[in-house]
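Let's take a walk through this one together, starting at a single spot and working outwards. Keep the viewer open so you can click along.

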Amino acid sequence: MAAEQFDTSWMWNPAFIEKATSTAGRFVNFRKTFFVNAEIPTSLPIQITADTRYKLYVNKQLVAFGPVKGDANLWFYDEVDISPCLRVGENHIAIHILRLFHGTSYGTSFPRLGTGGVRIATAVDDEVWAPQIRSSEFWQTAIDHSVTLRIDEEEDDFLHVYELVSASHDTKLEWIPAILLRFQNSTGVTAPWKLSPRLIPPMRSQRSYFSAIHNVKSGLSHGAWSAGLLGIQSGESDLFLPARSSHQFDLETPIHTTAFIRFRFVRPEVGGACLTITYSESYENTPVVVPYLRRKGNRCDTSKFLIGPMDIYTFRGKDGNPRLGYYEDEETEEVYMPFHWRTFRFMRLNIETGSSDLIMRGIDIGVVSYPLDVLSNISTTSDDGTLGALYNTSIRTLQNCMHDCYEDCPFYEQLQYAMDTRSSCLFTYHVSGDDRLARQAIIQLHSSFQPRIGLTASRAPSTQLQIIPHFSLYWICMLHDHFLYYEDKAFVRPLLPVVDAVLGYFHERIDHRLDLVSLRNEKGVWNFHDWAEQWRPYGIPPSAEKSGVSTYTNSLYAYTLKLAAKLQGEVAGRLSLADEYSHRAGLIVDAVKRQCFDGQYFTDSIAACSDPQIDRSQHNQVWAVLSGAVCGDSAQALLKRALGSSQNGSPLIKTSISMSFYTFRAISIAGGSLYDELFHALWQPWRHQLSLGLTTWEEDDVSHRSDCHAWGSAPIYEFLAEVAGIRPAKAGWQEIEFTPRLGLYPSLEATVPFYREGKMVLAKVGWSSLDGETRVTLGIEGLDESISVHVKLPGWPVMVEKSSQSMVFTWTRS
């Protein structure tokens, strides 16, 4: 029998205890000194990962932050070249580790496995550098007991990365040798972390600055604080804060921001001064419930309250300098750097100087996000600037919800939900042609599949399993979208068994008395529909909760079956299964028409048991159109009644911002002139947000919890895919659809990127009107050969033209 083999490439602190009552985790430090005796290598790539998060410093320079969020199925490592940071002679490597405790409810957004660990190695196992760099007992390590990851923060139910830093002498670092963790590495057994190189590029960082200061309560003047902390000149003059003084003020950034922060001070003679930072998205009135039900109004009304999570830092002074090697000038400067990036539009600082004078050098803001290259643009000279404001705010919102995964909201959860992510992926495709973060999201949600239930998790990666059946359907929609835009059969095909399993979950729950899916309350399952005031507290229509039959569920199921049929047919060639899905969809649609239509509207549940005063919603009119239960003139009339101002009787329950993408899809599919008739009016909720001072789109207009949520970025898709009219006519952009909505703006210019056969292509659209005629231009740049363009101008039959860099049409309104 062969001898067992072991993986000893991971190291850890032998004194680490995986629990504590007052903190969500601990910080652990690692350090090592090595020598470059001769010439600095031109390249020295290393691979590094850790559980839970790490920052890597070489000679006091931050080199990497990671890893990308993973889980037990896929744990990512980074490869970085440290040679630019090296010098001849002595070199210092430091690794700062955030370890969130395993098996707790804290840090939902940050998956971690049963033990902490750090793995570092050279990419090439050579004789010179590999022994000096790799994980070993020659590394020193120390647990930082001075930092508590706060679990007492009302505003934080998900992250638990906000810090309470003390300066007690009882918390001084004790450096000890690291230990190597020992894992079997044979007979199909490996270390618990299933390693993969990162699938996405590193986050992009850029400098930003505060733009305004408010509510100053300090011995220093408003002008002094402004000169020291605002704008590109900030940090050029020190701010002297005398001993035993108190200072409070609010700082504002021009836009909603996600950033690493550095608070820089001259190191005081003695410790004990205290800095408290409150991060907030807006000024607001006293909340109804923190953090879930807010009263905000004008976000910039500085007479209101600033409410948000806090970091609390006690200065260490010269005697308490830990000399960790995380920044330059440690002897003369004391810099507080919260480990994880922070989200804010406003920031309140409280400073208590204690017994020693304090000198503030400045605050550095390093904005971070996924490196989204925005190649699209759109503009018009024929409105009041609304189009540009809607589009730019949507781009900003999307970017702030993209880091190492797509996020619902960066301020509160930083979780990748399938419904939210489906929209975000489509928005990303249209602005950049980039699918790397989308591919990762599809894989991570696929990995969350629960065979005992038959559904994917609602969100992944996450430490807490949450099941929302509808979100598994949205994951299938993500797969369909990716294939439509990229035609990557090799990527999609292995995922199709889970598609079939998810659809099977709904098929098995058909009530054959009604021929409709019935989702009764099941333990551990949340049948969430949408955030509507009338559906509080859990976002489920009362009639659907009572009967178990939801019109929305059945319509979404039928809609998804049709998309899945295309996948099975075009990707897998399983035509019989595709036909089965289409047949199942048809049966559901027929049953919805029979059972859930009251003669005027589609009701939230069975029409015969519904109260027209409370059991009608816009949602089910939208999804009736999307599923094919109603089409053509009937669909147009239905949506006009449901969404327009001419409806009779009790108003329908409104769709939220999260459903806006699907509302627009329905009015587009319905055809006729409906889209043009409703287009400008439907943007009123977005225009209202702009009037309230938001710089990103809020989560919803019911709770007003978060001021940044990417599902509100629907203008991206509407302006580029609908108004400019550029969409794939066949999978992978083998052919293009050009259906510009010329009646919405007298003039327009737009660029829409797309990725075709490994190359980035730009579609450039323009039109202008004069004397009743509109000159329309379309140029396709970046193609190796001409492809078919399906041109559909308003009121004209479809024309199929060969693409070129200059296509011109003259359109006259009929």
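Gly628 sits in the loop that links helix 12 to helix 13 (632-643). What you're looking at is a predicted model, so every value here is computed from predicted coordinates. With a relative accessible area of 34%, Gly628 falls in the partly exposed class, because that class covers what lies between under 20% (buried) and over 50% (exposed). Setting aside neighbours within four places in sequence, Gly628 is in contact with Lys562 and Val589. Its C-alpha atom is also 9.7 Å from that of Ala670, a residue 42 positions away along the chain.

Step back into helix 12 (residues 618-627) and you'll find Gln621. Is this glutamine buried or exposed? Gln621 has a relative accessible area of 0%, so it counts as buried. What is it in contact with, beyond its neighbours within four places in sequence? The list is Tyr601, Phe602, Leu638, Leu639, Ala642 and Leu652.

Ala670, the partner in that 9.7 Å pair with Gly628, brings us to helix 14 (residues 660-670). Of its 11 residues, 10 are buried, so the helix is largely enclosed by the rest of the structure. The buried set includes Phe661, Tyr662, Phe664 and Ile667, but also Arg665, Thr663 and two serines, Ser660 and Ser668. Right after helix 14 comes Gly671, with a positive phi near 80°.

Now over to helix 11 (residues 575-595), where Ser582 lies. At 38% relative accessible area, Ser582 is partly exposed. Its C-alpha atom is 9.1 Å from that of Lys566, with the two positions 16 residues apart along the chain.

Time to zoom out to the nonpolar interior. The largest nonpolar core takes in 153 residues, and Trp475, Trp623 and Phe719 have the most contacts inside it. Helix 6 (residues 469-486) provides the largest share of this core, with 11 residues. Pick Phe719 and look around: leaving out neighbours within four places in sequence, it is in contact with Ile378, Leu387, Leu390, Tyr391, Phe679, Trp683, Ala724 and Tyr745. There is also a second core, separate from that one, with 49 residues; among them are Ala24, Phe27, Met360 and Ile365.

Next, some backbone details to check if you like looking at torsions. Most residues other than glycine have a negative phi, and most peptide bonds are trans. Where does this model depart from that? The peptide bond from Gly66 to Pro67 is cis, with omega near -10°. Pro67 is in the loop between strand 5 (61-66) and strand 6 (75-81). Another cis bond joins Ala460 to Pro461, with omega about -5°, and Pro461 is placed in the loop between helix 5 (436-447) and helix 6.

On the phi side, Asn215 has a positive value near 50° without being a glycine. It is part of strand 16 (residues 212-217), and at 30% relative accessibility it counts as partly exposed. Glu757 also has a positive phi, about 50°, and is not a glycine either. You'll find Glu757 in the loop between strand 32 (748-756) and strand 33 (759-770). Its relative accessibility is 56%, so it counts as exposed.

Finally, the whole chain. It has 17 helices and 37 strands, and its C-alpha trace spans about 80 × 80 × 60 Å along the principal axes. Why call the fold compact? For 814 residues, a compact globule would have a radius of gyration near 28 Å, and the chain's value of 28 Å agrees with that. Of the 814 residues, 60% count as buried. Residues 24 or more positions apart make up 74% of the contacts with a separation of 6 or more.

As for the surface, the chain exposes about 31,100 Å², with carbon and sulfur atoms supplying 51% of it. It carries 74 positive and 92 negative side chains, and the centres of those two sets are 2 Å apart.

Conventions. Residues are numbered from 1 along each chain as its sequence is written. This is a predicted model: local features need pLDDT of at least 70, side-chain atom pairs count only at pLDDT 80 or more; totals for chains, interfaces and linings use all residues. Side-chain values use heavy atoms; hydrogens and water are left out. Helices (H or I, at least four residues) and strands (E, at least two) are DSSP runs, numbered from the N terminus. The radius of gyration is taken over C-alpha atoms; the globule rule is 2.2 Å times the number of residues to the power 0.38. Buried means under 20% relative accessible area, exposed over 50%, partly exposed in between (1.4 Å probe, protein chains only). Contact means heavy atoms within 4.5 Å. Accessible areas come from the Shrake-Rupley method with a 1.4 Å probe; for residues, only the protein chains shown count as cover. Lys and Arg count as positive and Asp and Glu as negative; His and the chain ends are not counted. The place of a charge is taken as NZ of Lys, CZ of Arg, CG of Asp or CD of Glu. A nonpolar core is a set of buried Ala, Val, Leu, Ile, Met, Phe, Trp, Tyr and Cys residues joined through side-chain atoms within 4.5 Å.
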